[in-house]
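Look at the sequence and the model below before reading on. The paragraphs that follow go from a single residue to the chain as a whole.

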Amino acid sequence: MAAGGSTHQSFRKALGALKDSTKVGLAKVNSEYKELDVAIVKATTHVEVLPKEKHIRTIFDAVSASRPRADVAYCIHALARRLAKTHNWTVALKTLIVIHRALREIDPTVPEELINYSQSKGHMLNLSHFKDDSSPDERLECFRILKYDVQTNNLRTKGLDTPDLLEQLPALQQLLFRLLGCQVAAESVKIYVTITDGMVNLVDKFDGDRVRIG
């Protein structure tokens, strides 16, 4: 399992690096704002490190009050596209860092253009539908451990032995946390019931062991 997880991580990182390099190459060829588009991609790469200051400075220069409003608007739209199209938490977080710093460190042109963008395109920072697909889906991972689908057979934990309960309950809890974060109420209830049955079963087993020992 460890080797499989390591392979997945390596593949994910290689794919992210390929996406970044491809976007940089396309920006250099197709964009009228080559330097800015390259800086946005490089400031918001898939690599799990903070954005480099030199790329952030290039972005900040593009949204300063001395630049034409069209340039400022283009930069805001480019950041919005980066945020809207990504399904990777690292890219999303780094984009938000850039936007947050711009709001704090640059003159009022940035919030003004954000308002203009929101009025025409919708709220740029609304991430209610964001889903990171760069890591294994919790439901599939849960199925791998449980060997059954909790949505169609949510009473299985009632009859499990202690070792199986100790393996399966953490997987179910992790799935529940993700579903609660997404506010998926219907599925959350079923998983909560399954966890509750399992916890009651586990407590009963320990109580039974204490009775036998006593």
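Two residues are said to be in contact when they have heavy atoms within 4.5 Å of each other. With that cut-off, one can ask what V110 touches in this predicted model. Setting aside neighbours within four places in sequence, V110 is in contact with V63, I76, A102 and L103.

V110 also belongs to a bigger group. The largest nonpolar core has 23 residues, and V110 is listed with I40, I59, C75, L79 and M124 as having the most contacts inside this core. Five helices each supply at least two of its residues: α2 (34-43), α3 (53-62), α4 (69-85), α5 (89-105) and α6 (109-121). The largest share, six residues, comes from α4. A second core, separate from this one, has 10 residues, including L165, A171, L176 and I195. In soluble globular proteins, nonpolar side chains tend to be buried together.

Now take the helix that holds V110. α6 consists of 13 residues and spans 18 Å from its first C-alpha to its last, close to the 18 Å expected at 1.5 Å a residue. Which residues of α6 are buried? They are T109, V110, E113, L114 and Y117. Seen down the axis of α6, the buried residues fall within an arc of 130°, so they line one face of the helix. These buried residues pack against α4 and α5. After α6 comes G122, which has a positive phi, near 105°.

The next topic is empty space. A search of the whole structure finds one cavity of 30 Å³ or more. The volume of the largest cavity is about 50 Å³. Its lining is made up of I59, V63, C75, I76, L79, I99, A102, V110, L114 and M124. Among these lining residues, V63, I76 and A102 were met above as contacts of V110. α4, α5 and α6 each supply at least two residues of the lining, and the largest share, three residues, comes from α4.

Finally, consider the whole chain. The protein chain has nine helices and zero strands, so its pattern along the sequence is written with the helix symbol throughout, α-α-α-α-α-α-α-α-α. Of the 214 residues in the protein chain, 37% are buried. How do contacts spread along the sequence? Among those between residues at least 6 apart in sequence, 66% join residues at least 24 apart.

Key:
Residues numbered from 1 in each chain as written. Predicted model: local features only at pLDDT ≥ 70, side-chain atom pairs only at ≥ 80, totals over all residues. Heavy atoms only, no water. Core = buried A, V, L, I, M, F, W, Y, C linked by side-chain atoms within 4.5 Å. Buried < 20%, exposed > 50% of the residue type's maximum accessible area, 1.4 Å probe, protein only. Helix = DSSP H or I, 4+ residues; strand = E, 2+ residues; numbered from the N terminus. Expected span 1.5 Å × (residues − 1). Arc of directions from axis to C-beta. 1 Å grid on protein atoms, 1.4 Å probe; cavity = no way out; pocket = protein on both sides within 12 Å on 5 of 7 lines; lining within 4 Å. Points joined across faces, edges and corners; volume = space filled by probe spheres on them.
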